Amino acid sequence: KTLKKSIRTKTALVSIMLANNEIGTIQDISSLAKIAHERNILFHTDAVQAVGHIPINVKFLNTDLLSASAHKFNGPKGIGFLYIKRGTKINPLLFGGSQEQKMRSGTENIASIVGMAVALKENVGTLNLNTKKLQKLEIIFKEKIKSLLPTIVFNCAENHLPGFVSLSIPSVQAESLVHLLDLKGICVATGAACNSKQTEISHVLKAIKLPIRYAKGTLRISFGKENKLQEINRMCKQLLCSLKFPSNSE
């Protein structure tokens with residue numbers, strides 16, 4: 001409904017995340033793309049958070065353009081790719097060279113491109129195994145932390161990325177928790193990693209109407225395929241210890 005209301009007569013492109021990078025929600029991209037195509041509008045999906053973590057079929061998604069970043073699936077930083085559906089016409093951003101079929105002038109970063117391809121192949125090859133492990137870790141973590149902190153709430157929709165947890169603790173400052181956990185060697189975030197310096201409540205948390213006393217205490221935790229059960233136990237213990245730190249309360 002929101003997309004239909006947002007489209008104007010001059011709309012040329014619709015771009016929507018496949019998976020939200022703050023709370024992990026997976027969007028119904030194929031239905032959204034259908035709305036755009038019914039109006040002869042190109043559809044792009046930002047799949048950075050999703051590629052290598054969930055099965056992706058561009059034909060099923062019915063998207064004209066899809067972008068991804070290697071560092072999200074254990075590849076090198078600073079390299080990514082753009083899928084362009086055959087027949088989709090776009091103009092190059094840079095001119096003067098014939099690289100990338102005249103779509104991206106400049107010398108290719110071969111080492112990073114190869115690293116990205118290998119990382120993607122490895123992640124996709126073990127996708128089912130990784131998903132089962134991450135879902136198991138996520139369930140164990142949620143059950144354990146909920147038993148220790150009954151007032152905690154989880155912000156992820158039912159259909160979300162495996163191993164992705166957004167949680168909110170009422171009446172605490174999440175920024176303080178992040179720093180205290182960092183001192184213990186535990187890396188979490190208050191929101192999207194690309195917006196780490198932003199301290200005010202994000203538009204995502206406002207959109208899901210999370211009360212401000214919870215929103216200020218929101219942590220974003222992403223489990224990886226290298227994580228182990230004992231690390232979850234350690235994180236729960238350190239999180240409780242950090243909550244007792246005097247400067248953390250409002």
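**Figure 1. Helix α2 against the strands β1 and β2.** In this predicted model, helix α2, which spans residues 29-37, lies across β1 and β2 (42-46). The helix runs at about 155 degrees to β2. Helix α2 also contributes to the largest nonpolar core of the structure, to which it gives the most, with five residues.

**Figure 2. The open four-stranded sheet.** The strands of this open sheet follow the order β1-β2-β3-β4, and their pairing is mixed. At the edges stand β1 (13-17) and β4 (80-84), each of which pairs on one side only. Neighbouring strands of the sheet are turned against each other by 15 degrees on average, with direction ignored. Strand β3, covering residues 65-69, pairs with β4 in the antiparallel sense over five bridges, and within this pairing A68 stands opposite F81 in β4.

**Figure 3. L3 and its surroundings in the largest nonpolar core.** L3 has its place in helix α1, made up of residues 2-6. Is L3 buried or exposed? With a relative accessible area of 14%, L3 is buried, because this value falls under the 20% cut-off. Leaving aside residues up to four places away in sequence, L3 touches V14, I16, L32 and I35. One of these partners, I16, is 13 residues from L3 in sequence, and the two C-alpha atoms are 9.7 Å apart in space. The largest nonpolar core holds 29 residues, of which L3, V14, I16, I29, F43 and L161 touch the most other members. Two or more residues of this core come from each of the elements β1, α2, β3 and α5 (110-125). In soluble globular proteins, nonpolar side chains tend to be buried together.

**Figure 4. The second nonpolar core.** Separate from the core of the previous view is a second one of 23 residues, whose members include L137, I145, I232 and M235.

**Figure 5. Helix α7 and the elements it packs against.** Which residues of helix α7 (residues 174-183) are buried? They are A174, L177, V178, L180 and L181, and the buried residues of this helix pack against β7 (218-222) and α10. An α-helix has 3.6 residues a turn, so residues three or four places apart point the same way. After α7 comes G185, a residue whose phi is positive, near 80 degrees.

**Figure 6. Q238 in helix α10.** Q238 is found in helix α10, which is formed by residues 229-243. The relative accessible area of Q238 is 14%, so this residue counts as buried, the cut-off being under 20%. Which residues does Q238 touch, when those up to four places away in sequence are not counted? Its contacts are with L181, K184 and I186; of these, L181 is one of the buried residues of helix α7.

**Figure 7. Cysteines without disulfides.** A search of the whole structure for disulfides finds zero. C187 is in no disulfide, and the cysteine sulfur nearest to its own, that of C236, is 16 Å away. This distance rules out a disulfide in the model, because the two sulfur atoms would have to lie within 2.5 Å. C187 counts as exposed, at 70% relative accessibility. C236 is likewise in no disulfide, and for this residue the nearest cysteine sulfur is that of C241, 11 Å away. In contrast to the exposed C187, C236 is buried, at 0% relative accessibility.

**Figure 8. Two residues with positive phi that are not glycines.** N62 has a positive phi of about 65 degrees although it is not a glycine. Where is N62 placed? This residue sits in the loop between α3 (58-61) and β3, and it is partly exposed, with a relative accessible area of 28%. E100, also not a glycine, has a positive phi of about 50 degrees. E100 belongs to helix α4, which consists of residues 99-102, and with a relative accessible area of 42% E100 is partly exposed.

**Figure 9. Confidence along the chain.** The mean pLDDT of the chain is 92, and 94% of the residues reach 70 or more. Over residues 246-250, however, the pLDDT is below 50. Beyond near neighbours in sequence, this stretch has eleven contacts in the model.

Terms used: Residues numbered from 1 in each chain as written. Heavy atoms only, no water. pLDDT = per-residue confidence, 0-100. Contact = heavy atoms within 4.5 Å. Buried < 20%, exposed > 50% of the residue type's maximum accessible area, 1.4 Å probe, protein only. Pairing = 2+ DSSP bridges. Axes fitted to C-alpha atoms, helices over the stretch in contact; angles between N-to-C directions. Core = buried A, V, L, I, M, F, W, Y, C linked by side-chain atoms within 4.5 Å.
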